[in-house]
Amino acid sequence: MKAIGSSFSVNFRRALCNNITIRTYVSDIKQSDTKGSNKKQSNNDLLNSIKPHARSGVLSVVEKDDNGFPSYLILKETSPLLSQAMISIKNKKRRQKNNGLLLEGKRLIQDALNAGVKPKQIFFSQKRVLENLCLPEELRDLPVESTIFYKTPYKMIQLFSETETSQGIMGIFEFPTIDHRVRKKSFPITVICDNIREPGNLGAVLRTVTAVGASQIILMKGCTDLWGDKVLRAGCGAHFRMKILSDVSWSNLQNIKGQVCLADNNFGSNIDDSNTDEDTNVNVFRKTAPIELPIAPYYEVDYCKTTPLILIIGGETHGLSDEGYEFAKTRKGIRINIPLENGIESLNSATAVGILCFEVRKQMLNLIKIEQEVDEIEQAC
């Protein structure tokens, strides 16, 4: 009996321990389920705080963390938000109507943010991509219901990307105002772009002129869209660092004053025997200048004689317009030429404007240096 009683006591204690263990495990499960339920409920509350039209295709919501990473929405692959954003800025007309432009890649987006341009939506594929941006505090502190950040599957971003391999980030920004692009210190140079229709060429011109430190750039009607994707990429941030006026008519420049120079590769009679068609005896490369103007090599011109300087640059294919020549004639302008060798007929617009603008800058810097030396001598006396 003692053995039987002892065995019963051991088995009873084991059963009791197992029962306690089972109850503890079940209790843990219930607590875990409760936490998950609370988390799910919290996420649902956050989703409900977002406006209905912005809630479509949203998988979940993430609030701002302790490291300062902003709140954002995680989008499903089927979310229409990115496609709707792309449609809103599909062409020039829609960009103007919706006051929006597409910027792609970290560099362009950072340049825009540094210039104070207001973002409307930013789509990114991974957190580290957004972490590499220096975001202003007001964007980091946006609450979930006002966030502009959307974590989006990479293949969706790549689908709408204009580049072969997307960097995994793109943003819709408002058009910058002229005040955002005015440089406080600049040389008195105004560059007028006439008939530049190749986007990459125009972007390179903007980049070069901005690097020189000119005061402003004017794009005449007939130039390609200033805010086109290729122009923005080729400009490398020049759009946000320079005063640029676009879609300007020649009639709107009546009050502009300064020394006018036309960048032109036409010579004298505009006929070059080495490039003349044998049957027609007509030059097959160069466009005949419609109005005769004095011409000089670019390195012989005194650009500091009368300031500001107005430099008109034409497109490589279409050249300067008749209105451009007429504008120069009424202001007693001249044609400046960059001599070329080895049968090369012309330079692209960006290369030409770089040579000319840096020559102008060199002369102006030399003049400033001479004036400073004169002042020092006068003070010494």
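**Strands, ring pairs and salt bridges**

Me: Which buried residues cover the two faces of β6?
Reply: Both faces of β6 are covered. Buried means under 20% relative accessible area, exposed over 50%, and partly exposed in between (1.4 Å probe, protein chains only). Met170 and Ile172 are buried on one side; on the other, the buried residues are Ile169, Gly171 and Phe173.

Me: What kind of model is this?
Reply: Residues are numbered from 1 along each chain as its sequence is written, and side-chain values use heavy atoms, with hydrogens and water left out. Local features need pLDDT of at least 70, side-chain atom pairs count only at pLDDT 80 or more, and totals for chains, interfaces and linings use all residues: this is a predicted model.

Me: How many helices and strands does the protein chain have?
Reply: Helices (H or I, at least four residues) and strands (E, at least two) are DSSP runs, numbered from the N terminus. By that rule, the protein chain has twelve helices and 13 strands.

Me: How many residues of β6 are buried?
Reply: Strand β6 spans residues 169-173. The strand is mostly covered. The buried count is five of its five residues.

Me: How many bridges join β4 to β6?
Reply: Two strands pair if DSSP finds at least two bridges between them. Strand β3 (residues 101-104) pairs with β6 in the antiparallel sense over four bridges, and Glu104 stands opposite Met170 there. On β4, Gln121 faces Ile172 of β6. Strands β4 and β6 also run antiparallel, and the bridges joining them number five.

Me: What share of the contacts in the protein chain comes from residues 24 or more positions apart?
Reply: Contact means heavy atoms within 4.5 Å. Among contacts with a separation of 6 or more, the share from residues 24 or more positions apart is 79%.

Me: How much area does the protein chain expose?
Reply: Of the 381 residues, 43% count as buried. Accessible areas come from the Shrake-Rupley method with a 1.4 Å probe; for residues, only the protein chains shown count as cover. Carbon and sulfur atoms supply 51% of the exposed area, which totals about 21,700 Å².

Me: Why is the pair of Phe69 and Tyr72 edge-to-face?
Reply: Rings of Phe, Tyr and Trp (its six-membered ring) pair if their centres lie within 6.5 Å; planes under 30 degrees apart count as stacked, over 60 as edge-to-face and the rest as tilted. The count comes to eight aromatic pairs. Phe69 and Tyr72 are one of them: their centres lie 5.6 Å apart, and the pair is edge-to-face because the planes stand at 85 degrees.

Me: Which ring joins Phe69 and Tyr72 in a cluster?
Reply: Phe69 and Tyr72 are both buried. Tyr72 also forms an edge-to-face pair with Phe124, at 5.6 Å centre to centre and 75 degrees between the planes. This pair links distant parts of the chain, 52 residues apart: Tyr72 in strand β2 and Phe124 in strand β4 (residues 119-124). So the ring pairs give a cluster whose further member, buried at 0% relative accessibility, is Phe124.

Me: Which ring has Lys127 over its face?
Reply: A charge sits over a ring if NZ of Lys or CZ of Arg is within 6 Å of the ring centre and within 35 degrees of the ring normal. Lys127 lies 4.6 Å from the ring centre of Phe69.

Me: How many residues apart are Lys127 and Asp65?
Reply: A salt bridge is a side-chain nitrogen of Lys or Arg within 4 Å of a carboxyl oxygen of Asp or Glu. Lys127 and Asp65 meet in one at 3.9 Å, N to O. Lys127 sits in helix α6 (residues 127-131) and Asp65 in the loop between β1 (58-62) and β2 (72-75), so this pair links distant parts of the chain. Lys127 is partly exposed at 31%, Asp65 is partly exposed at 26%, and their separation is 62 residues.

Me: Are Arg95 and Asp225 buried or exposed?
Reply: Arg95 and Asp225 form a salt bridge, with the closest N and O atoms 2.2 Å apart. Arg95 lies in helix α4 (residues 92-98) and Asp225 in the loop between β8 (214-220) and α10 (229-235), so the pair ties together parts 130 residues apart in sequence. With Arg95 at 9% relative accessibility and Asp225 at 17%, each counts as buried.

Me: Which helix holds both Glu359 and Lys362?
Reply: These side chains meet in a salt bridge at 3.4 Å, N to O. Glu359 is buried at 11%, whereas Lys362 is partly exposed at 45%. They lie three residues apart, about one turn, in helix α12.
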